[in-house]
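Thanks for making time this morning. I will put the structure up and then talk through its sheets.

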Amino acid sequence: MEEVLKSLNDQQRNAVLHTDGPLMILAGAGSGKTKTLVTKISYLIEQKGISPFKVLALTFSNKAAREMRDRIATQVSSDAGALSVTTFHAFCARVLRSEAQYIGLSRNFTIYDTSESKAVIKQVLSRHGISTKELSPYEVLNYMDGLNNLGYYVGIEDEEDFDIDRSDPFFAYYNEYTNELRKSNAVDFGGLITGVLHLFEKFPDVLTKYINRFDYILVDEYQDTNRAQFKLLNYLSKAKRNICVVGDEDQSIYSWRGADIRNILEFEENFPEANVMKLEQNYRSSRNIIEAASSVIARNTHRKGKEMWTSNPTGEEIEVIECFNEKEEAEFITNTIISLSKEGNPTREMAVFYRTNAQSRTIEDQLRRANIPYRVVGGVKFYERKEIKDMLAYLRVIVNSKDSLAFSRIVNVPSRGIGATTLRKLENVAIRDGVSLPEIVETVVDNPSDYKDMKLSAKVRSSLGTLANMYVEARLSDSSGKLPSEIYESVLHESGYLDSLKARKDYESQARIENLEELSSAIKQYETSTQKPDLGGFLETVTLDTSNNEDMGMDLGEVSLMTIHGAKGLEFNHVFLCGVEENIFPSIRSLEEFQDFGLEEERRLFYVAMTRAMKKLYICFAQGRMLYGQLKFNGPSRFINEIPNKYYTWRKVGKISGSSSNSWDDMDDEYDDFNQEQEFDSEEKTWVVSRNQPESKYKTGSKVIHSLYGEGSVIDSEGFGPDEKVTIRFKDGVNKKFMVKFAPLTLI
DNA sequence: CACCGTTAAGTTTTT
DNA sequence: CTTAACGGTG
């Protein structure tokens, strides 16, 4: 322990030694945030003699929780297994299972993921005669997420705090949806958190139990907490006040999912006696990269402010790579990877980042052609595959006899002659009797004479009987302690699911069978990691841990491809950031929808991308790029302009190489031709192109008239074309910032 | 009920 | 250009 403490810098050590009372650690990228948190927990246990049982550490991802657990285990001699190091969601699920009866759930409730939530919304909407064409369930889901993220739940005391329009049809859908989940004994992701809020608010004794349970609470990635999680932390920590949160407002890139920057900005208001510490020394990147990234992020206004520094060497300059099109961009990246690799740099330490998943394709094509092994992080998740969801639905009906959604998913998969009509009949009777689908089927099968009016054919009745028998029996086996993997195998066969796949001889079905085998080994793996395995336990790990086991594969020295969001928390020697063009990055939609706030989040994203690089950062953009089947000339991202010149060199590669003096602006002459719609001839193809104006129209000092604010002069301008933003000082001395494309401005 | 063709839309996704 | 999701038909 002594040694570990010595290996910390002063800031880190202070953070570790400050154990009692609220503490917020603002930790810059690569500043040893996890190390500090891990050491702090070790210190609490080893030096302060705190029982591991009394410590709760909350993270967002299972990956982060695992990493933290592993690292603590190597530092602590006593029982680190007694620690609660877990995700917010898993923690809440655990609490809800223990206390389910208080809020009208039973402990075997199902957790619905996003697609299941959507399916329920679809049902609700169709009951209102609304088709998905008229209203996308996604929109309703967003609305409901919004409420969840704020910590709203049905029956909350201070409802007026939420500014809810009770006449909003969305609010009605939300209520019906909630009702539907309740009937299914199901909880969605957001409901896990708000369910615990509900519990703590309405049942003070339960709250007291958990307050007593935990003496120390630590939170990782605090900048990503939403309002509901903030409230949860408040409940848990307000009595003992030993809460330590670690975060970096500059790396907050999930506000669109409810992460609320106020949680950082208001921490001190909430805990007036709070200490705030900063970890500002970066151990990861070269000085060039750190300083460049710092100057970019300094443009954001919604931040507490940190000054990152590093004692690392200056390192190589950042390179801005101007390519002809996206294909040449990919070629550049591929070629550079090859030559770096020849110089002895491991490809495992290289990564390509992009703003949107769709951009990976071009890169992949090129890498494949060059025989460079790569792996795409993210993408289609194992547990989202149809066959996996189908089998999981079977398991869910077994565990939770009220899960109507899971039932309707499997009732006719494989096809057993129970179509929409039968399902409709069952639903009606189920609603009438106030029970779930699986339950009504059990009843109908047991007492067919009571349900003559349903007019079910003998064949349908027998099909339903077989199905119900199967899950009722499996349920008994499960509670009598039969291994989940055995139950799974028998369901796989008895349901006829496996046979129906085997009957199809195509390649796809083959792959599906393999996936089902993989599911089987996942269950077995779960069994070895738990003392008392049961199906419910397995389902919980599945729903709450969607990580792809991708790190399990062997190390083939693959180059990593991922979105910038996926890159958070990672680091690579060589980073290629591609597609750094206006409208892509910053994304046009984030600007349109959220304006300044959106731009700042995009800038944080850019900052996250930059600070992943340890040795060298390549920032690539293409002059022209095929997007949605059209050739677009977006121009380099404004973020490139935000990097001070001294930190980078500009290089043109491929078709446009040769002229080595550089900057997009130098190209103006060549591109003036494109200012209007033009035919562009290339590779024997003719495209109709339109291009943004390459140059700022509002130069510093020019006088303008704003139809609302009157006369003023331009004091700053960033970006160009329709995305240009100008800061104008008006006659009354007020400065305002406008997006040129929206603002009613006239040059004088 | 399953398949296919048409249509519309097109970020990011720790749980 | 893709992809997903609906509606019509065999």
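What follows is a walk through two sheets and the helices that pack on them. Keep in mind that this is a predicted model.

I start with the sheet of six strands. It is open, and the strand order is β3-β2-β6-β7-β1-β8, with parallel pairing. At the edges sit β3, residues 84-87, and β8, residues 275-279, each pairing on one side only. From one strand to the next, the twist averages 15 degrees.

How many bridges link β1 to β8? Five, in the parallel sense, with β1 covering residues 23-27. Within that pair, Leu 23 has Asn 275 of β8 as its bridge partner.

Now the helices on this sheet. Helix α3, residues 33-46, packs on it and touches β1, β2, β6, β7 and β8. The direction of α3 makes about 170 degrees with that of β6. Helix α11, residues 227-237, lies across β2, β6 and β7, and runs at about 160 degrees to β6.

On to the other sheet. Seven strands form it, again open and parallel, in the order β11-β12-β10-β13-β14-β9-β17. Its edge strands are β11, at 374-376, and β17, at 648-652. Here the twist averages 20 degrees from one strand to the next.

Inside this sheet, β10, residues 350-354, runs parallel to β13, residues 572-577, and four bridges join them. Val 352 has Phe 576 in β13 as its bridge partner.

Finally, helix α15, residues 326-342, packs on this sheet. The strands α15 touches are β9, β10, β12, β13, β14 and β17, and its direction is at about 155 degrees to that of β14.

Key. Residues numbered from 1 in each chain as written. Chains lettered and ligands numbered in written order. Predicted model: local features only at pLDDT ≥ 70, side-chain atom pairs only at ≥ 80, totals over all residues. Heavy atoms only, no water. Pairing = 2+ DSSP bridges. Helix = DSSP H or I, 4+ residues; strand = E, 2+ residues; numbered from the N terminus. Axes fitted to C-alpha atoms, helices over the stretch in contact; angles between N-to-C directions. Contact = heavy atoms within 4.5 Å.
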